[in-house]
Amino acid sequence: MDFDVIIVGAGSMGMAAGYYLAKQGKQVLLIDSHNPPHSEGSHHGETRIIRHAYGEGESYVKMALRAQVLWNELQELSEEEIFINTGVINIGPLHSTFIQNVISSAEKYSLNVKRITAEEIQQRWPGFSVPEGYIGCYERDSGVLMSENCISAYKTEAIKQGAILKPNSPVTSIDVFEDYVQVKTEKDSYTAKSLIFTPGAGSRKLLPLLGLELPLQEVRKTFSWFDTDEEIYRTDSFPAFAFEFSTETFYGFPSIKEAGVKIGRHDGGQPRDMDRPNEPFGTYEDDIKDVSRFAERYIHKVGQHRMGKVCTYTNTPDEDFIIDKHPNHDHVVIACGFSGHGFKFSSVVGEILSELVTGDGQTMFDITPFSLKRFEKIQ
Ligand SMILES: Cc1cc2nc3c(=O)[nH]c(=O)nc-3n(C[C@H](O)[C@H](O)[C@H](O)COP(=O)(O)OP(=O)(O)OC[C@H]3O[C@@H](n4cnc5c(N)ncnc54)[C@H](O)[C@@H]3O)c2cc1C
């Protein structure tokens, strides 16, 4: 046997899993079609929001809190900037499900979340313009993860602990046997006792190699940077934010190292064909129009649109993750479908994946909401 564990896809989830396994002394092989971090998957664009109050279910809050502990530990290990404690404000109509969920999850878990009126928001952060009847839930302890630095740091630490990374090596075949797996790339073939399957937007294409078909949809997403007045929008004077309207959700980041305020739209986007190159930023009129319209009204002190980029979400129908063992093979673990909100959890998901393929194969986290069983079309 070549390895204890082979990880297919060494991006956000896979690289973290590689680190936690190598740290336990496991022989780990990470295989990726590119050289992470890179801009062909779901993790580029420099930043991701981490918030702890999560209305989408109890499992998420517990995982977010553990994720934050692990990010702080990674920050201790790494010289790169991993987490910036900017705080995060969720803004929306008082009675919206989103705001009510944030409030109830904050109360239930005694999170440091403060309710703020529209007027107070504007006084404290003049860079916002908040409609009447909207409120903010401000989380002081959360903030921004430097996503590409996070993956670089996990990569450095995993390799330091003995993990082997095969970059630029797309996986072409996976064979699962009773007590081992064999994974092939164009040039090489490897065996291991267990497999972790984390190829992000490449999942739907590779799942048939495991005899599975899942209702995943890859979606082309764009985001943009705007010129800014640094006094108003720098990291120590402006928080990361999510702005929820009845039919749209936008999110954004303060200006980090004078890069400008970054804004994206969470809903919408175009279904993507992963066999074709991603259509570049500006292909669709909405690429600039959506965020510019939002910025002009609500982040009204930003200046001109500076530049934009394109990235990919991999959505499940219910937008909950998939983290589960293969229905027929206990030594194969699948983690995909992170539906545009997975990055903040990648530290804890890496830890969970490492637990699922070692020891008694159990995790203390409740991952039943992420089970494969909720989809009918498992072959
Ligand atoms: C624009 C945008 C904004 C986002 N904002 C947030 C946010 O604010 N907060 C948040 O928590 N989340 C956010 N997310 C979501 C988050 O970034 C993703 O959920 C997360 O990065 C997914 O991780 P992953 O490991 O599944 O995919 P990736 O990080 O893309 O890793 C998958 C890896 O698999 C590799 N791979 C694919 N196919 C193969 C193959 N055949 N062989 C070998 N390797 C392969 C890829 O090269 C890649 O490196 C955002 C996503 C986008 C696109």
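The paragraphs below go through the ligand site, the empty spaces and two backbone features of this structure.

The model is predicted, with local features requiring pLDDT of at least 70 and side-chain atom pairs counting only at pLDDT 80 or more, while totals for chains, interfaces and linings use all residues. Residues are numbered from 1 along each chain as its sequence is written, and side-chain values use heavy atoms, with hydrogens and water left out.

The ligand is surrounded by 33 residues, of which the closest are S12, D32, H38, H43 and K344; a residue is near a molecule if one of its heavy atoms lies within 4 Å of it. By class, this shell holds 14 nonpolar, 16 polar and three charged residues, where Ala, Val, Leu, Ile, Met, Phe, Trp, Tyr, Cys and Pro count as nonpolar, Asp, Glu, Lys and Arg as charged, and the others, Gly among them, as polar. Helix α1 (12–23) and the strands β3 (47–50) and β18 (305–315) each supply at least two residues of the shell, and β18 gives the most, with three residues; helices (H or I, at least four residues) and strands (E, at least two) are DSSP runs numbered from the N terminus. Because domain 1 (3–42 + 148–212 + 320–374) and domain 2 (69–144 + 217–315) both give residues to the shell, the ligand lies between them, the domain bounds coming from an automatic or database domain assignment.

Among the polar contacts of the ligand (pairs of N or O atoms within 3.5 Å), a polar side-chain atom of S12 lies 2.6 Å from a ligand oxygen atom. The backbone also takes part, with an N or O backbone atom of P199 lying 3.5 Å from an oxygen atom of the ligand, and a polar backbone atom of G340 lying 3.4 Å from a ligand nitrogen atom. The protein covers 94% of the 1,000 Å² of accessible area that the ligand has on its own, as given by the Shrake-Rupley method with a 1.4 Å probe.

Turning to empty space, the second largest pocket (an open set of points on a 1 Å grid over the protein atoms alone, with protein on both sides within 12 Å along at least five of seven lines) has a volume of about 210 Å³. Its lining comprises 14 residues, and those closest to its centre are D324, K325, D330, I367 and K373. Strand β19 (residues 322–326) provides the largest share of this lining, three residues.

One cavity of 30 Å³ or more is counted, a cavity being a set of points where a 1.4 Å probe fits but cannot get out. The largest cavity contains about 50 Å³ of space, and among its lining residues, which have an atom within 4 Å of a point, are W225, F253 and K262.

Most residues other than glycine have a negative phi, and most peptide bonds are trans. A cis peptide bond, however, joins P36 and P37, with omega about -5°, and P37 lies in the loop between β2 (28–31) and β3. S110 has a positive phi of about 50° although it is not a glycine, and S110 is placed in the loop between α3 (97–108) and β6 (113–117).

Note on methods. Polar contact = N/O pair within 3.5 Å; in protein donor to acceptor, adjacent residues only side chain to side chain. Points joined across faces, edges and corners; volume = space filled by probe spheres on them.
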